[in-house]
Amino acid sequence: MNSMNTDNTNTGGIRIEGLRKVYGKDDSAVVALKNVNLVVAPGEVVGLVGPSGSGKSTLLKCLGAIIEPTSGRMTLGEDVIYDNGWQVPDLRALRRDRIGFIFQAPYLIPFLDVTDNVALLPMLAGVGNAAARSRALELLTALDVQHRAKAEPSQLSGGEQQRASIARALANRPPVILADEPTAPLDSERALGVMRILNQMAVRANTAIIVVTHDEKIIPTFKRIYHIRDGQTVEEAGEGRSLD
Amino acid sequence: MISLAGRDILHGWGKFALTGLGLGLLIGVTLTMAGVYRGMVDDAQALLTNSQADLWVVQKDTQGPYAEASSIKDDVVRSVRGMPGVATAANVTYLTMQVQRADGVEARTMVVGVEPGQPGAPGYLVAGRQLTRNHYEAVADIKTGLKLGDAVRLRRHSYTVVGLTQRMVSSGGDPMLFVPLKDAQEAQFLKDNDTIVNDRTRTAANPAFNRPGVPGLLDAVQNLQTSSHNVNAVLVQLQPGWRADEVADSLKRWKHVQVYTRAGMEEILVAKLIATSAKQIGMFLAILAVVSAAIVAFIIYTMTLGKIREIAVLKLIGTRNMTIASMILQQALGLGLIGFMVGKIVATLWAPIFPKYVLLTTSDAITGLVATMLICALASTLAIRAALKVDPAEAIG
C-alpha cells in the first residue's frame, strides 16, 4: 500500500445521543430505534453489529441523513446536524461533502471510468475537473489501484472495485464514513485486506469510520463494537486483533 | 462537470445506436409521409405550371378539367381568341388511361391532347422533338418508361414516341403522354365500331329520326352521335398588362363558360382535390408521432429502470435531481437526434424509388427535427419521474 496522501483536517468524529426513530403513527407505530448512543472519534474504526431487524439499516440511514430520526441529537465534527430536527439546510450537500459511503457491493457507476467514479464527488461539490481528477488519482495511488485508473469498473476485480469505492468515499475528505457490510462478498483474506485499508485510512485521513457488519471474519479486528438489539445500542470492547 | 448522459451513451453505444436506428426508420417513414403530401401539392402545381396557361376555360358550373369532368365544344376556342386581353388560346383534352408499352407492360398515364406549339404542349423536352404531325405521334414523360421510337397503343391506333419530357404529371402523379388533339378527341369521345353500328341501328329504328318525308335527318342525327368535337378545356394565355380576373370575368359574362385563374385552379387542386389525401396523411403523421413518442418513452423508461441502483448511488452521494433529470433528458434528445439523422438519410435514399413524387423539403426537415426533439423531451418525463422517485436508501438496501 502506498503512503496515503490524504489531508488530516477532520476533527470531532461523530456523536449520537438518545436517537429514536419511529415508523408510522398511533396504533401502527413501529419503534425501530429506541435509544441509540454512539461516539466515534476521528481516526477510529468501530463495528456496528446486530441481528437482522435489530435496526442497523435504520441507524445507518439516519446517520447518512437519508431518513429523518424522530428525536435525539447528532453531532458531526463540531457541528450539530440534528437536534430533534435537522440543523442543516441541505441534506444532499451534507451527504456529498461530509459523509462518505461504502456499500456492500462497490456500486461504481458503470459508464464512468475508475478515475471519474472517484472524481465525480469533488466535481459535484464544485471542484474543477482537473483538480477533481488529480484528487482521484491521488487516492487511487494511495489505495494501489492507480494502474486501473482509466479502466471501466467491469474490467476490475472485486477487490479493485472495492478499493475504488473506498477512494470514492474519501474523495471529499468527509469527517465520517459509513460502511455497509463492506466485506460481505469477499473471502477472508480480502475482507481483512479491506479492514486494513479502512484502519489505515481512518488514521491518515483522521476520519471516523462506522462499519455495519455481521461478518464473523472481521468482527475480531474492531477495538470497539456497538451491538444493536431491539433498537438500542450497547458498547463493548472488541478484540482489536492485529491486521498486520 | 462530466457529461453523465454522454458517458452513458458512449458506454452502451451499440444498444443506443440500434435503438436510434429503429427510431430513425420510423422517423424516416414520417418524413416520407410528409414528402408524399408535399409531392402531391408539387405535382398539382407542376401540372398548372406546365400547362403554361393564365386562364382555364371549362364547362359552366364545373370545376374541371382536373377535379371534375368538363366538356365544351372545340370551336369555343375561336371566340375566346377574339376576346380582349387574350394572346393565345388552345384546346386541350385530358384522359387518364392504361397504355400498353411495346414490352407489354401497362403504364397508367394521363393522355393529353394538345395543339403543337400551343399552351398545354410540353414546355421542354429532354430528348427527341415536339409533335409536328397531326396524327400518331406522342411525347411521353420519362416516368412512363417509354423510350424514343417506342410504339404505344391508344384505343384503335398505335403512336410512335418522338420526344421525351420530364416532370409532366397529373395531379394524381400519373405521367403524361402528349398526343395530337384530334387523336386525343377520338380516343376520349369516339366510340368503338360495334357500339357505333348498334347506335346507328337503334337510331334508324326510331321513327322520330327516320321520317320518310325528311331525307337527311337520320344521317344528320347519326353524324351528331359520332361527333368527337369536344374538348375538356381551353387554355388561355393573356396579353401583357391584362389582369387575369378582368379577362376571366369578361369571358364568363359573354361566353357562358366557367373560367378559372391560376389561383382559383390551385385552390381547386390543392385545397379540394387532394384535401382528403392530405387529411389521411395528417392522420398518419399524428399516429406516427404518437407511436414515436411511445417508443422513445418506453426505451428511455426501460433504460432508466436498468440504472435504478446507479441513480440511487448518485442521489446518495449528493447528485442533484436536476443533474439526474438532465442526464435522462439529454439521452432522450440524443436518441431523438440519432433517430432524426437516420430518418433523414433513409428518407432521402428511398424517396426516389417511390412510384409517386416524394418531395422532401428543408422546412419539413426542420419542423421534423423540432417535433422529434419535443416528442423526445415529452417522452423522457416518464423516465425522469421514475428516476426522481428513486430512494437514495436503495443504494444501502
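Begin by selecting A:Y107, which in this predicted model lies in the loop between β6 (99-102) and α3 of chain A. Its phi is positive, about 50°, although the residue is not a glycine. Most residues other than glycine have a negative phi. A:Y107 counts as buried because 23 other C-beta atoms are within 10 Å, and the cut-off for that class is 20 or more.

From this loop, move along the chain to α3(A), residues 114-124, and colour the helix by burial. How many of its residues are buried? The count is 11 of 11, so that α3(A) is mostly covered; among the buried residues are A:V114, A:D116, A:N117, A:L120 and A:P122. Now display what surrounds the helix: its buried residues pack against α2, α4 (129-142) and α5 (158-170) of chain A. Just after α3(A), stop at A:G126, which takes a positive phi of about 100°.

With α3(A) still highlighted, bring chain B into view. Contacts between the chains involve 23 residues of chain A and 18 residues of chain B. On the chain A side, the elements that give two or more residues are α1 (56-63), α2 (91-98) and α3 (114-124). Which of them gives the most? That is α3(A), with five residues. If you colour this side of chain A by residue class, you will find 15 nonpolar, two polar and six charged residues.

Next, select A:L60, which is in helix α1 of chain A. Is this residue buried or exposed? A:L60 counts as buried, because 22 C-beta neighbours are inside 10 Å. Leaving aside residues up to four places away in sequence, A:L60 touches A:L178, A:D180 and A:V212 as well as B:I396 of the other chain. For a further view of how the chain folds back here, add A:I210: this residue is 150 residues from A:L60 along the chain, yet their C-alpha atoms are separated by 9.1 Å.

Turn now to the strands of chain A, and select β1 (residues 14-23) together with β4 (residues 71-76), which run antiparallel and are joined by five bridges. Within this pair, A:I16 has A:M74 of β4(A) as its bridge partner. Then add β5 (residues 79-83), which runs antiparallel to β4(A) and is joined to that strand by four bridges. A:M74 is a useful residue to keep labelled, for its bridge partner in β5(A) is A:Y82, while A:I16 is its partner from the β1 pairing. The hairpin of β4(A) and β5(A) has two residues between the strands, and here A:G77 takes a positive phi near 65°.

A further turn to visit is the loop between β9 (224-229) and β10 (232-237) of chain A, where A:D230 is found. A:D230 is not a glycine, but its phi is positive, near 50°. With 13 C-beta neighbours inside 10 Å, A:D230 counts as partly exposed.

Zoom out until the whole of chain A is visible. The chain has six helices and 10 strands. Its radius of gyration is 18 Å, close to the 18 Å that the globule rule gives for 244 residues, so chain A is as compact as a globular protein of that length. Along the principal axes, its C-alpha trace spans about 55 × 40 × 30 Å. Buried residues make up 49% of the chain, and, of the contacts with a separation of 6 or more, 72% are between residues 24 or more positions apart.

Finally, select chain B, which has 12 helices and 12 strands. Its radius of gyration is 31 Å, whereas a compact globule of 397 residues would have a value near 21 Å. The box filled by its C-alpha atoms is roughly 115 × 50 × 45 Å along the principal axes. Colour the chain by its domain assignment, with domain 1 covering 4-44 + 276-395 and domain 2 covering 60-190 + 228-256; the centres of these two domains, taken over C-alpha atoms, are separated by 47 Å. In chain B, buried residues make up 40% of the 397.

Before leaving the view, colour chain B by confidence: its mean pLDDT is 89, and 99% of its residues reach 70 or more. For the model, the scores are ipTM 0.83 and pTM 0.76.

Terms used: Residues are numbered from 1 along each chain as its sequence is written. Chains are lettered from A and ligands numbered from 1 in the order in which they are written. This is a predicted model: local features need pLDDT of at least 70, side-chain atom pairs count only at pLDDT 80 or more; totals for chains, interfaces and linings use all residues. The radius of gyration is taken over C-alpha atoms; the globule rule is 2.2 Å times the number of residues to the power 0.38. A residue is buried if 20 or more other C-beta atoms lie within 10 Å of its own, exposed if 12 or fewer, and partly exposed in between; C-beta atoms are placed from the backbone. Two residues are in contact if their C-beta atoms, placed from the backbone, lie within 7 Å. Ala, Val, Leu, Ile, Met, Phe, Trp, Tyr, Cys and Pro count as nonpolar, Asp, Glu, Lys and Arg as charged, and the others, Gly among them, as polar. Domain bounds come from an automatic or database domain assignment. Two strands pair if DSSP finds at least two bridges between them. pLDDT is the predictor's confidence in each residue, from 0 to 100.
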